[in-house]
Amino acid sequence: MRKNMLLAGIGLLVSAVPVYADHLVAIAGPMTGQYASAGDQIRKGAELAIADINAKGGVLGQKIKLEVGDDACDPKQAVSVANAMVNKKIVFMHGHWCSSSTIPASDVYNEAQIPMATVSTNPQVTERGLKNIFRIMGRDDQQGAVAGNYLADTFKGKKIAVVDDKSAYGKGLADEIAKALQAKGAKPALRESITAGEKDYSGLVSKLKSAGVEVMAYGGYHTEVALILRQAQQAGLKLTVMGGDTMTNTELVTAAGPASDNVLFTFSPDPRKNPAAADVVKKFRDAKVEPEGYVMYAYAAMQLFAQATEQAKSVKYADLEKAMRSGSFDTVIGKLSFDAKGDNKLPGFMVYQWKGGKYDYVAK
Amino acid sequence: MNVVKNKKWESGKCMALALQQLINGLTLGAVYGLIAIGYTMVYGIIGMINFAHGDIYMVSAFIAVSAFTLLASLGITSVPLALLTVLLLSVLFTSVYGWAVERTAYRPLRGSTRLAPLISAIGMSIFLQNMVQLTQGARVKPIPPVVVGGFDLYASEGFTVHLAYSQLLIVIVTVALMAAFSYVIGKTSFGRQQRACEQDPTMTALLGINVDRTISLTFMLGATLAAVAGVLVTVYYGVVDFYIGFVAGIKAFTAAVLGGIGSMPGAMLGGLLIGLVEAFWAAYLSPEYKDVATFSILILVLMFRPSGLLGRPEVEKV
């Protein structure tokens with residue numbers, strides 16, 4: 001009994017010592033669930049960035065420590081993750097990933113005055129007047145315009161369908177693509193929505209087939225595209241798909257097989273092609289991590305935090321926010337600077353194509 | 001609806017689309033039907049809805065993926081051989097799962113309130129989902145196409161009706177299995193015991209029949225059918241994840257209720273109906289409202305025939 005008391009006493013003493021001498025920063029995204037591979041990319045990127053920053057002595061003489069939140073792309077879970085992070089007194093957040101998670105969670109961070117850098121592309125993320133959000137990725141409306149214009153020019157005279165998965169991200173992107181197509185005089189032959197998470201899309205495939213559609217612009221995630229492509233192939237329909245930044249996921253290739261060569265998508269200029277990032281790319285590859293998708297963005301988000309903190313000489317919200325808004329930052333994805341809404345001033349999107357399990361800028 | 005509006009609706013093409021959707025719907029419906037039989041058999045014998053049944057189906061799909069991967073690594077390339085092995089392995093392991101679920105989650109609760117096994121079933125469903133998520137990962141598991149190709153049945157004005165071999169496989173296996181099952185239930189001594197337990201478990205026990213054993217076997221048979229459905233779906237769609245049991249379970253449960261819960265032909269009929277409604281609704285109206293249509297039909301049928309299409313009127317059991 002006495003021994004237990006003693007242990008308890010020691011426990012109390014230990015816990016009384018402040019544990020968080022480090023700057024606590026966080027990432028949040030789908031670490032589990034069907035989009036877990038994106039969460040994994042973010043985590044890998046952030047971990048290496050923090051290791052690199054700490055190796056150089058951290059920021060303002062203190063080390064950075066990483067917290068990881070898992071929202072599984074569920075808006076409700078995102079809010080509770082945000083509350084948990086606020087309680088842990090983080091000073092910076094990189095996340096969330098799904099627009100439908102980022103939007104509700106950002107209100108929590110805004111109230112708690114925590115600056116955040118996100119890769120979510122829905123326009124609403126930065127359109128609500130929140131001062132704490134900085135978007136290091138392009139917006140769906142830019143993305144949709146690039147995709148729509150490309151489709152209208154490249155597939156002139158062919159029938160194009162626009163399909164979405166009813167999610168905030170998917171519908172937003174699909175609407176923008178449809179708008180861009182309209183503006184170019186290429187009215188979509190079909191406008192449909194599907195339910196994400198199902199397995200059978202043969203109804204949609206037959207509908208596309210009977211309408212003579214050869215190109216499908218899709219707003220949504222890669223899992224459904226893989227299924228649609230597979231089922232289209234089974235039904236003898238040769239379908240080209242134009243998707244958004246979520247198509248960067250290599251899971252698309254494992255799930256869709258060779259049919260993935262018919263996938264075009266828009267994504268920010270490939271950070272791996274940035275000559276200034278060559279060192280970091282090599283470091284990732286040495287650590288057996290391919291810096292694809294969101295890996296480099298997570299790295300850049302941490303660089304943004306470190307540089308903004310050094311410029312502001314503080315981790316207080318008001319100082320950090322001002323530094324991020326007015327400064328410009330050298331990151332692995334290029335020179336970041338933000339407009340009044342918090343949108344990235346870098347040029348947005350390029351059209352890519354999958355080819356034999358790798359993606360590259362589409363051949364003109 | 002767009003199609004109808006802005007398309008000259010030629011009759012040939014219309015026929016072709018209908019035929020294509022008939023094929024797609026039958027394939028989907030056969031899978032729902034196979035799972036639905038598991039619900040209906042268990043309900044028939046112990047009067048409870050086994051909500052973990054959808055997850056048993058999910059487990060079998062994962063076993064199928066593992067088995068396919070294993071066979072591929074062993075260098076077995078003959079498709080019929082691989083299919084047969086995977087089917088056997090999956091049936092074997094899944095029926096063990098079915099037995100274990102009954103033994104651990106339901107048998108200890110036999111004789112308690114009606115609600116207890118129901119809640120236990122929901123718990124079991126959550127347990128199985130999380131177990132697979134943790135051990136297999138949350139990512140989708142793809143397999144390379146196993147049964148490839150198919151043939152064109154009919155072509156009209158640019159629309160070819162395509163029947164994939166994998167669809168043919170699903171329909172043939174389902175029909176064969178249904179025939180075997182009707183035989184087992186109708187003609188064998190196990191079938192007689194099973195039907196006797198369904199009618200009056202106490203009396204059956206008095207006649208010297210091991211009721212617990214019969215119930216266990218019923219669970220295993222239900223799991224067998226779910227296993228076959230799991231393998232077929234893996235072959236057809238090529239991707240599985242830990243969550244597929246939920247959607248498929250709900251649809252199959254609906255099928256069982258639609259056909260009349262407790263009735264095996266009813267379960268199959270309900271499955272086919274739901275498959276067809278989904279296929280035609282998605283093609284002619286909107287894929288978006290497909291589930292609304294399915295469940296509206298369920299409500300309508302239950303309003304006019306509360307015991308389902310082929311259900312017997314009195315099913316009150318405690």
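Chain A is split by the domain assignment into domain 1, residues 13-138 + 273-336, and domain 2, residues 141-267. Keep in mind that this is a predicted model.

How far apart are the C-alpha centres of domain 1 of chain A and domain 2 of chain A? They lie 30 Å apart. The two domains do touch: 14 residues of domain 1 of chain A are in contact with 14 residues of domain 2 of chain A.

Now look at the side of domain 1 of chain A that touches domain 2 of chain A. Helix 2 (36-55) and helix 4 (99-111) of chain A each supply at least two residues of that side. Helix 4 of chain A gives the largest share, three residues. By residue class, this side of domain 1 of chain A has five nonpolar, eight polar and one charged.

Next, the contact between the chains. Here 35 residues come from chain A and 38 residues from chain B.

Which elements of chain B supply at least two residues each of its side that touches chain A? Among the helices are helix 1 (2-5) and helix 2 (11-46), and further along the chain B numbering come helix 10 (244-259), helix 11 (264-284) and helix 12 (290-304). Two strands of chain B are also listed, strand 2 (150-156) and strand 3 (159-164). Helix 2 of chain B has the largest share of this side, six residues.

And the classes: the side of chain B that touches chain A divides into 19 nonpolar, ten polar and nine charged residues.

Technical notes:
Residues numbered from 1 in each chain as written. Chains lettered and ligands numbered in written order. Predicted model: local features only at pLDDT ≥ 70, side-chain atom pairs only at ≥ 80, totals over all residues. Contact = placed C-beta atoms within 7 Å. Helix = DSSP H or I, 4+ residues; strand = E, 2+ residues; numbered from the N terminus. Nonpolar A, V, L, I, M, F, W, Y, C, P; charged D, E, K, R; others polar. Domains from an automatic or database assignment.
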